[in-house]
Amino acid sequence: MPKTPSTNAHRPALRRNQACRSCRKRKLKCDAARPHCGTCVKQWQALVSVPAPVGYAHPTEPQCSYDPVEGLTLAPDTDPVEKIRQLEDQICKTFFLYWPNPQRTYDSLAQLKNRLYEQQSGSRSVSPGRSTSLNRPSSSNALAPSSGGQPSDLAGISLPHASLSMLNMMSSGGSPETRFRGETDSPELHNVNKSAPDPLMDLLYMGWNPDLPDPTTLNHYIDVFFRCDPCGSRVLHRPSFLASMHLPPRDPGFPHSAILHAICAAASRWSPQNVVTMPDGNRRDQFAEFHASKTRQYIDKTMASGEDIFCVMQACILLSWYFYQEGRWVEVWIFAGFQTRVAVPLRLNYPGTFSTHGNNSPGAYLAPPKDLLDLESRRRTWWMTIMFDRIASVGGWIHAVDERDLGTELPLRTDDFESEVSVPSNPQSLASPDVFVRHPSQYTDSFLLLIKSIMLFGRVTDFNVRGNLRAPTAPSKSQNPFFLEGFEVLDKLLCSDFLDSLPQVYKNNSGVNDTPDGCGLDTDLYMVHIIPHAATITLHNPYIDFTDPQCVSTSRCVNAARCILAAYYLLSATSLDITRLHPFVTICWYLAAVVQVQLCKYFIEINDGERESTVWGEINVLRFAMMEYGNRSPIGTRQERLLQGLMREIVRMTAQKQPLEVGVPLYPFSHKTLFRKDESPQATQEEGASTAPLPISPSYEEQGVSPSAPSRSTVQYPVRSVTNWSMDNGHIESDTIHDRSPFSR
């Protein structure tokens, strides 16, 4: 039977290298059809007909390419716009050779301006084809390679035609930092026409996002962010992030704009721009608000398209902490829910942050981690998401992800993460039975302990929420909570086991280092020592009964509040800035103040003015701490206002003069100056009659209680500090037994 004539039977033979590269490599016949030859199309169709392997995707079109036609740099079917884009990228990469030192870039542009001026003086026009060399020697501004840097040899690189009006703008005086600022000193909110492109930015930073500050200002905010931010900086790998900032903006490895906008918003707390006071008294940083809105635009775009989902999720974490420090609770809850719901389909909650078990889909939206750095970045992104969810739920809301669904192992130490040392994965996860009482030295630092303490607080929230959901009535101070299932185990873990199990180097270190060589603050470790006390108050507060001398919940709460106070005294006695603390510290202060308000009310009811005065002083100390923190983060002032609302009843009941006054006597202060034992209340009032007197705060054990008072605690296991309440002539008294806590007084 005769063969069917081929359609290519009369096609002339191809000349050398006219076949596509794929067919030449595989030694197949090629018809040289454009844009894809018939052979490559058939190969691609056969490939996509079979499901892709797990974690990978088929190419969207045949992988067929041709050699460029002789004399051209691109294939004939390439759009000329693509040629222009490649030339722009070449210019961009050339200029970014000077990225480590922007001033050298400005110097080189000044030379360029002089040369163009010389050329235009002798000629009315400059041909677009003429090139201007940057390495031609000049009189005084010749570029020289810096010591230890790269040589500034850019021979053969051509620049596009630049007008003198644009170059006059480049060298118009002032530092690189101020050339992009307006009269308001904001690098972004100056009065410029956003529709008109900035020719300097177009020439200097080809592909630079015009919504971002200039590179010098942006680098400043990035440096401030990594040095000062106690929250979001834990997500990003600092060395690789800083290295990626040296890449051209169009390079795939350059940081995503959503992350850069979020960093600007977060770092503006320590480098504010354009701060205005709102009608309600709150302060708003217009620069931060602009970049927060830009970050939200990227989040909205990702929610609609799914593009760059992991980078945008990291930006969302940074933005969430910004909203938390602002005290904007609605946005906090919205973004807390968004993070967790995005992280679940990404499979970040699985061991190794990737899994295909129990699903017919190709695993997840993310491919398996490409290296150890990628794996650890995913772990930290997941755990920062869960930590934020636990902190946002402290008020008594259900967590977005149940603890039983957290399968990801704990991250590595921060030093190992930043140094990229090859360390085996952390063997501990929340499924480990001893995760809160065993801390392997190779996998323990202050950040890991902070994760554990916050997750421990989360267990308290779970216990309270689930108990309220299923209980027929609300918790009552008349019931014994130790009869509730799981209460005693959780109480023991909070009051003794967790803090007592800390390694010695962390157990005896509160995070505040005040030495002759200088002061230092480990904000993560500081929070590790006070979060269990705040959790204790949350667990026991519904069962406080000051009239019951054997109420263990009262002992627990009063002792926890005083430990939180002692931690603040220790920090306030140094020159360290308390606004560098984690914003969750304001919630801990508020919980301690809640206990003190209840105690103050009891002293008012039994007409014990002396001890009422003592508690008023401690309440005002906590209020002062919140207001001082609020000077930089509005969450502090918001919590202080919330506390004032809680204090309305005792303010009406008290006989103290100006009980809410926080005046000069509270600043500066320390534990020794505020609670002096050699003065009397009358003497304090005579010294500062114009302001509210600072009450003397003798320790409770000095107020007529024998040191040998027997313990009436109904719980037999050891605790860090137990206060035994007793009644004598209508007065509440205590005997406090302290252990080796760094905050013991």
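## Exercises on helices, loops and pockets

**Exercise 1.** Establish how far apart the end C-alpha atoms of helix H12 should be and how far apart they are.

Solution. At 1.5 Å a residue, the 15 residues of H12 should span 21 Å, where the expected span is 1.5 Å times one less than the number of residues. The end C-alpha atoms of H12 are 21 Å apart, so expectation and model agree. H12 covers 329-343, helices being DSSP runs of H or I with at least four residues and strands runs of E with at least two, numbered from the N terminus. The model is predicted, with local features requiring pLDDT of at least 70 and side-chain atom pairs pLDDT 80 or more, while totals for chains, interfaces and linings use all residues. Residues are numbered from 1 along each chain as its sequence is written, and side-chain values use heavy atoms, leaving out hydrogens and water.

**Exercise 2.** Find which residues of H12 are buried and which elements are included in what covers them.

Solution. Buried (under 20% relative accessible area, with exposed over 50% and partly exposed in between, for a 1.4 Å probe and protein chains only) applies in H12 to Glu 331, Val 332, Phe 335, Ala 336, Phe 338, Gln 339, Thr 340, Val 342 and Ala 343. The cover over these buried residues includes H10, H11 and H13. For the chain as a whole, 49% of the 745 residues count as buried, and the chain holds 25 helices and 6 strands.

**Exercise 3.** Describe the largest pocket by its volume, its lining and the elements that supply that lining.

Solution. The space in the largest pocket comes to about 1,300 Å³. Its lining has 47 residues, and those nearest the centre are Thr 461, Asp 462, Phe 463, Asn 464 and Val 465. Helix H15 (446-470) gives the largest share, 10 residues, while the elements that each supply at least two residues include H12, helix H13 (372-392), helix H16 (487-500) and helix H18 (523-540).

**Exercise 4.** Carry the same description over to the second largest pocket.

Solution. About 920 Å³ of space lies in the second largest pocket, whose lining counts 32 residues, with Gly 253, Ile 259, Phe 310, Cys 311 and Gln 314 nearest its centre. Two or more lining residues come from each of helix H8 (238-244), helix H9 (257-267), helix H10 (286-305), helix H11 (309-326) and H13. H13 thus supplies lining residues to the largest pocket and to the second largest pocket.

**Exercise 5.** Locate the backbone features at Pro 35, Asp 308 and Glu 420.

Solution. The peptide bond from Arg 34 to Pro 35 is cis, with omega near 0°, and Pro 35 sits in the loop between helix H1 (21-26) and helix H2 (38-48). Asp 308, not a glycine, has a positive phi near 50° in the loop between H10 and H11; its relative accessible area is 45%, so Asp 308 is partly exposed. Glu 420, likewise not a glycine, has a positive phi of about 60° in the loop between helix H14 (414-419) and H15, and it counts as partly exposed because its relative accessibility is 49%.

**Exercise 6.** State the mean pLDDT of the chain and how many contacts residues 662-742 have beyond near neighbours in sequence.

Solution. The mean pLDDT (the predictor's confidence in each residue, from 0 to 100) is 74, and 66% of the residues reach 70 or more. Over residues 662-742 the pLDDT is below 50, and beyond near neighbours in sequence this stretch has 164 contacts in the model, a contact meaning heavy atoms within 4.5 Å.

Note on methods: On a 1 Å grid over the protein atoms alone, a cavity is a set of points where a 1.4 Å probe fits but cannot get out, and a pocket is an open set with protein on both sides within 12 Å along at least five of seven lines; lining residues have an atom within 4 Å of a point. Grid points are joined across faces, edges and corners, and a volume is the space filled by probe spheres set on the points.
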